[in-house]
Amino acid sequence: MAIRLRRNSTPRSAILPDPAAGIAELRWFESHVEQLEAYAGTYVAILGESVAASAPNIRAVHDELLARGINDALIVRVPTGAEREQYLIA
């Protein structure tokens, strides 16, 4: 599960999603599996090419980002080794 945060005062119904939002961060996430092993089972916020925040639950990551004034980050849950193996394609 991945969520792209963008805090905005515009009504939700008026916001059109950017189809390219989070693509670079998602690619970084997929190519840095070994680096992210330390975060297995937790949620991380990726901004650009680095982890901006991490916590055991998505709400805590979101709150930390907002407290730091970060309003545009990709939040993903880092799978554990067993979870990652479920999604491997032979």
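1. Ile-46 and its neighbours across the sheet. In this predicted model, Ile-46 has Leu-74 as its bridge partner in β4. On the β3 side, the residue opposite Ile-46 is Val-51. Strand β4 covers residues 74–77 and runs antiparallel to β2, to which it is joined by four bridges. The pairing of β2 with β3 is antiparallel as well, and extends over five bridges.

2. Burial of β2. The strand spans residues 43–47. Four of its five residues are buried, so β2 is largely enclosed by the rest of the structure. Leu-47, which belongs to β2, is partly exposed because its relative accessibility is 32%, and buried would require a value under 20%.

3. Contacts of Leu-47. Leaving aside residues up to four places away in sequence, Leu-47 touches Glu-25, Ala-52, Ile-70, Asp-72 and Ala-73. Between Leu-47 and Asn-71 the sequence separation is 24 residues, while their C-alpha atoms lie 9.9 Å apart.

4. The β2–β3 hairpin. Two residues lie between the strands of this hairpin, and Gly-48 has a positive phi near 70°. A positive phi is also found at Gly-69, just after α2, with a value of about 80°.

5. Main nonpolar core. Which residues form the largest nonpolar core? There are ten of them: Tyr-43, Ala-45, Ala-52, Ala-53, Ala-55, Val-61, Leu-65, Ile-70, Ala-73 and Ile-75. At least two residues of this core come from each of β2 (43–47), β3 (50–55) and α2 (58–67). Strand β3 gives the largest share, three residues.

6. Ala-52 and the second core. Ala-52, a member of the largest core, touches Ala-45, Leu-47, Glu-64, Leu-65, Arg-68 and Ile-70, with residues up to four places away in sequence not counted. Separate from that core is a second one of eight residues, among them Trp-28, Ile-46, Val-76 and Val-78. Ala-45 is thus listed in the largest core, whereas Ile-46 is listed in the second. In a regular strand, side chains alternate between the two faces of the sheet.

7. Start of α2. The N-terminal end of α2 is capped by Asn-57, with a side-chain oxygen 3.2 Å from the backbone nitrogen of Arg-59.

8. Salt bridges. How many salt bridges does the structure hold? There are two. One links Glu-64 to Arg-68, with the closest N and O atoms 3.4 Å apart. Glu-64 is partly exposed, at 31% relative accessibility, and Arg-68 is also partly exposed, at 46%. Both Glu-64 and Arg-68 appear among the contacts of Ala-52. The other salt bridge joins Arg-77 and Glu-83, and here the closest N and O atoms are 2.7 Å apart. Arg-77 counts as partly exposed at 31% relative accessibility, and Glu-83 counts as partly exposed at 24%. Side chains of opposite charge can pair when their charged atoms come close.

9. Overall arrangement. The protein chain contains three helices and four strands, and from the N terminus these run β-α-β-β-α-β-α. Of its 90 residues, 24% count as buried. Among contacts between residues at least 6 apart in sequence, 53% join residues at least 24 apart. The accessible surface of the chain is about 6300 Å², and carbon and sulfur atoms account for 53% of that area.

Technical notes: Residues numbered from 1 in each chain as written. Heavy atoms only, no water. Salt bridge = Lys/Arg side-chain N within 4 Å of Asp/Glu carboxyl O. Buried < 20%, exposed > 50% of the residue type's maximum accessible area, 1.4 Å probe, protein only. Contact = heavy atoms within 4.5 Å. Areas by Shrake-Rupley, 256 points an atom, 1.4 Å probe, with all protein chains shown as cover. Core = buried A, V, L, I, M, F, W, Y, C linked by side-chain atoms within 4.5 Å. Pairing = 2+ DSSP bridges. Polar contact = N/O pair within 3.5 Å; in protein donor to acceptor, adjacent residues only side chain to side chain.
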